[in-house]
Amino acid sequence: LCVVQPTDTADLGSQVGSYRQAWREAAHPGQSSVYLRIPIYAGETDAAAEDEGRESITYFFQRHAELTQSRIGRAGAGSSERNAAQLTHLQHMTYDEICRTRVAFGSPPALIERLRELRESLDIDGVIIEPNAGGLIPAPLAMKSLRLVAERVLPAFK
């Protein structure tokens, strides 16, 4: 299972628990695997990462709000009340809240800490990173971020 983050990371733990329980109750063989797909951006410092990723991730969540709004009242799009509540939350999220609850942005040491915390608190097997979720980070900065993740973050998880 790949969990795409429709809600705050703090709310995902119970969903992962429900999935793992349903897996066991269905008598599937082996252990279920759960991975979290999350926007990630690495900078030399926490402040640089948050500054360099701001425009792109803000656009990403504005687009997410627009897509959520387009689902309200549409057949087969789920509960209109749930979609409306999600839309309201998306429209009122601050950038600080996005950084705290929806993404992993920071220096390599901060990312290592954040990813370990997510792995433990959500009981996930790993993450699938979205390196430029909004598509607005210039290529040289996106490549620098990927290099920092590959060279200074991922080795902590081997």
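**Entry 1. Terms and model**

I take helices and strands as DSSP runs, numbered from the N terminus. With that convention I place Asp123 in the loop between helix 5 (108–122) and strand 4. I note at the outset that the model is predicted.

**Entry 2. Two loop residues with positive phi**

I looked up the phi angle of Asp123 and found a positive value of about 55°, although Asp123 is not a glycine. I recorded the general background: most residues other than glycine have a negative phi. I then asked whether Asp123 is buried, exposed or partly exposed. Its relative accessible area is 44%, so I enter Asp123 as partly exposed; the class lies between the limits of 20% and 50%.

I made a second entry of this kind for Ala27, whose phi is near 60°, again a positive value in a residue other than glycine. Ala27 is found in the loop between helix 1 (9–25) and strand 2. I list Ala27 as exposed because its relative accessible area is 62%, and the class of exposed residues begins over 50%.

**Entry 3. Strand 2 and its partners**

I turned next to strand 2, which covers residues 35–42. How many of its eight residues are buried? I found six, and I describe the strand as mostly covered.

I then looked for the strands that pair with strand 2. Strand 4 (residues 126–130) pairs with strand 2 in the parallel sense over five bridges. Within this pairing, I located Leu36 opposite Val127 of strand 4. Strand 3 (residues 104–106) also pairs with strand 2 in the parallel sense, over three bridges. Here I located Ile40 opposite Ala104 of strand 3.

**Entry 4. The loop from strand 2 to helix 2**

I examined two residues in the loop between strand 2 and helix 2, namely Glu44 and Thr45. Glu44 has 43% relative accessibility and therefore counts as partly exposed. Thr45, at 41% relative accessibility, is likewise partly exposed.

I also looked up one C-alpha separation for each residue. Glu44 and Gly134 are 90 residues apart along the chain, and their C-alpha atoms are separated by 20 Å. Thr45 and Ala110 are 65 residues apart along the chain, with 8.8 Å between their C-alpha atoms.

**Entry 5. Helix 2**

I checked the length of helix 2 (46–71) against expectation. Its 26 residues, at 1.5 Å a residue, should span 38 Å, and the end C-alpha atoms are 35 Å apart, which I accept as agreement. I also noted a kink of about 55° in this helix, centred on Arg54.

Which residues of helix 2 are buried? I listed Ala49, Gly53, Ser56, Ile57, Phe61, Ala65 and Thr68. I set beside this list a general point: an α-helix has 3.6 residues a turn, so residues three or four places apart point the same way.

**Entry 6. The cavity**

I searched for internal space and found one cavity of 30 Å³ or more. The volume of the largest cavity is about 50 Å³. I counted 13 residues in its lining, and the closest to its centre are Ile57, Phe105, Asn132, Ala133 and Ile137. Ile57 is also among the buried residues of helix 2.

Which elements give two or more residues to the lining? I recorded strand 2 and helix 2. By class, I entered eight nonpolar, four polar and one charged residues for this lining.

Note on methods: Residues are numbered from 1 along each chain as its sequence is written. This is a predicted model: local features need pLDDT of at least 70, side-chain atom pairs count only at pLDDT 80 or more; totals for chains, interfaces and linings use all residues. Side-chain values use heavy atoms; hydrogens and water are left out. Buried means under 20% relative accessible area, exposed over 50%, partly exposed in between (1.4 Å probe, protein chains only). Helices (H or I, at least four residues) and strands (E, at least two) are DSSP runs, numbered from the N terminus. Two strands pair if DSSP finds at least two bridges between them. On a 1 Å grid over the protein atoms alone, a cavity is a set of points where a 1.4 Å probe fits but cannot get out, and a pocket is an open set with protein on both sides within 12 Å along at least five of seven lines; lining residues have an atom within 4 Å of a point. Grid points are joined across faces, edges and corners, and a volume is the space filled by probe spheres set on the points. Ala, Val, Leu, Ile, Met, Phe, Trp, Tyr, Cys and Pro count as nonpolar, Asp, Glu, Lys and Arg as charged, and the others, Gly among them, as polar. The expected span of a helix is 1.5 Å times one less than its number of residues. The bend at a residue is the angle between axes fitted to the seven residues ending there and the seven starting there.
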